[in-house]
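Student: Please take me closely through a single helix of this model and what surrounds it. I would like one connected account, with the cut-offs for the terms you use.

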Protein chains: 2
Amino acid sequence: MKVPGELNPGSRILLGPGPSDCHPRVLRAMSTPLLGHLDPEFLSLMEDVQAMLRAVFQTDSKMTLPISGTGSAAMEAAVANLIEPGEVAVVGVHGVFGGRIAAMVERAGGRAVKVEAPWGSPLDPEDIERALKGDGAGAKLVAAVHAETSTGVLQPLAPLARLAQQHGALFLADTVTSLGGHPVDLKGWHVDVAFSGSQKCLGVPPGIAPLTFNERAMEVVSKRKEPCRSWYLDLGMIGSYWGTERVYHHTAPITMIYALYEGLRVVLEEGLESRWERHRENHVALVAGLEAMGFQMNVEREGERLWTLNAVTVPNGIDEAKVRKHLLEQHGIEIGGGLGPLKGKIWRIGLMGYSSQRHNVFAVLAALEEALHEQGRKQSPGAGVAAALESYRG
Amino acid sequence: MKVPGELNPGSRILLGPGPSDCHPRVLRAMSTPLLGHLDPEFLSLMEDVQAMLRAVFQTDSKMTLPISGTGSAAMEAAVANLIEPGEVAVVGVHGVFGGRIAAMVERAGGRAVKVEAPWGSPLDPEDIERALKGDGAGAKLVAAVHAETSTGVLQPLAPLARLAQQHGALFLADTVTSLGGHPVDLKGWHVDVAFSGSQKCLGVPPGIAPLTFNERAMEVVSKRKEPCRSWYLDLGMIGSYWGTERVYHHTAPITMIYALYEGLRVVLEEGLESRWERHRENHVALVAGLEAMGFQMNVEREGERLWTLNAVTVPNGIDEAKVRKHLLEQHGIEIGGGLGPLKGKIWRIGLMGYSSQRHNVFAVLAALEEALHEQGRKQSPGAGVAAALESYRG
């Protein structure tokens, strides 16, 4: 066959729902030659990665490690290790990713009792409680998405974790689009199990996914009657490699772990509080700009909006795909469209990790103005950028 | 917490069972900034990767793609998409990886009928046939490992594939340690399903794993009564993203796909035949050297030995772990120990991908001599290297 040409992708600013732009130090780390996966130097690197993950998750759980796959692999590792055939999980569904957790509960042989909320609002703890007393009575697990990438909603976790505990269930949180961008305090909120992705607010490429189980959750895992339905995601065996025994399970993805190592160093050097504040500040400026341009946010109340993923309603009469195409082709800026029932109705503008920067806020506001002008929408020139500038001035 | 220091691993020559050394072009490709996973440029890159994988596998199967995980993830994707609860698979077990396939058949709810051979010999097709007529009658699947990384045995696949076809079963091959180092001719051998890894003979880091299903196998998948037990590895959904519909399933591991793209370009630029010949030639020279030094190979007959993974019996009275430690600490050379029943009894010397080079053959032979000398073993100085040099002269 004719061998394809050299790798030469166009330059991008990734402001979609993920991946976000990698930190340059992370990219550089990935060209480091490999160590073997049982090399003493690599084992020591693994311990450092685990310690840094614990710091970022704000947990002291021993079983904190990266899964060798993307965020969905960690999601399935969480569900498939906890749920056995016939068991019940109460799952909050107010977007694509809650629905995905429910689907994985079914794949594990369990029954998912879905508690829904509109795609743009958080879950109501009373609805979760009703489920735990009703159709979901005796549930082993309550699960919810902290940051719904499909809708832009931030879900307070502590009240749900409390309900789970009251009903003798474990609490599982999806922190894919929050970890490293929003406060995540697993220990303080009594979250038993959580997972995340690398390609959102940690500034690392997709392909490695943080996961943590506390002791309460590991006790449940150790008491399983049947083995986990996935060999690859079996936490007992994965834990033997990441724990002290160092028993070979599968070959660790060395380069992705280098990338995570460097990404976590960058996060901790910046400091968690400063990093959250940077994400908040850029989000507030972007929203100020968008509102000054006449846009409406998909999530009504500011306190319920993600800082990391901004869902904007597409105005009537605008061809939303054409706008995204303009941004990509004219400026190399990627933003996302809607998923499921929100398809065609919203744009999703991510400000995550290394992508959450002032100049990106200015650039996307100006590029949006240009793209809408192309479709005949008139507005006061530069209004979005002006409002963002004012927001930064405070 | 105190942030760990900069990423600064020691220099290594990876001659173990994998990962092998990456090609420098692959390492460089990994520092390329990301594209989004639905970016038109990335979609075109995916098509090129698929075309190159078909060329390397020697197949024209449409469903040829990389799984977002390591070789074990692709192994489980193969098994979990084919086997439904209660179904039977006849699995050749003559090393760790055949045993792993059997374990995955059980996780999928199936029954594995194991056909064994000594750990150092290939499977006997007559034993497979006996199983297909006996305990494994009605089997949906026959599976075997082409290149057993745990023993160094090369398994001829065509006779087994023929038997599977005669008994109405699909044939699945593990080509993790052969693809790119030994001839692999899926179409010519009538292999229905195969998977591989990136970190052996393709010169790419671990974390992305080639998988291919032919039409006969996909028809079986499409007729499943129950969904695949793993959501993450569900080939129907993964195929919708890699196929023409481009439906989002999980975020593709962009950088690992860059790496695979570059690795496959390197493979095809060298040419499959030249690449196999390089692996053969270096293997023959290494064995000549080892035998001149008085070592015995774990696999008796040359025709049954892998070119990519050389299993050498540890001589009596030698502390094998101390030898490996010497190589690693004094020379940065990694070789592997034995697994399972071969633990402590063999070394595994990999010559795979970019690691399969003449200077590595010389280096490991000389370093072995030094390590054995340290343990008091006397031999004619330089005998191993001399025999290797002669082998290259032909």
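**A helix and the loop after it**

Tutor: In α9(A), the buried residues are A:Leu235, A:Ile238, A:Gly239, A:Ser240, A:Tyr241 and A:Trp242, where buried means under 20% relative accessible area, exposed over 50% and partly exposed in between, with a 1.4 Å probe and protein chains only. Helices (H or I, at least four residues) and strands (E, at least two) are DSSP runs numbered from the N terminus. This is a predicted model, in which local features need pLDDT of at least 70, side-chain atom pairs count only at pLDDT 80 or more, and totals for chains, interfaces and linings use all residues. Residues are numbered from 1 along each chain as its sequence is written, chains are lettered from A and ligands numbered from 1 in the order in which they are written, and side-chain values use heavy atoms, leaving out hydrogens and water.

Helix α9 of chain A covers residues 235–242, and 6 of its 8 residues are buried, so the rest of the structure largely encloses it. The cover over these buried residues includes α2 (40–57), β2 (63–67), α3 (71–82), β10 (209–213), α8 (215–222) and α10 (254–270) of chain A. At the N-terminal end, A:Asp234 acts as the cap, with a side-chain oxygen 2.9 Å from the backbone nitrogen of A:Gly236.

The loop between α9 and α10 of chain A holds A:His250, which is itself buried at a relative accessible area of 6%. Its side chain makes a polar contact of 2.7 Å with the side chain of A:Ser68, and another, of 2.9 Å, joins the side chains of A:His250 and A:His249; a polar contact is a pair of N or O atoms within 3.5 Å, and within protein one must be able to donate a hydrogen and the other to accept it, while residues adjacent in sequence count only if both atoms are side-chain atoms. Leaving aside residues up to four places away in sequence, A:His250 touches A:His37, A:Ser68, A:Tyr232, A:Ile238, B:Thr70, B:Ser72 and B:Arg100, a contact being heavy atoms within 4.5 Å. Its neighbours thus include A:Ile238, one of the buried residues of α9(A).

As for the setting, chain A comes to 14 helices and 14 strands, and buried residues make up 65% of its 394 residues. The mean pLDDT of chain A is 97, with 100% of its residues reaching 70 or more; pLDDT is the predictor's confidence in each residue, from 0 to 100. The model scores ipTM 0.98 and pTM 0.98.
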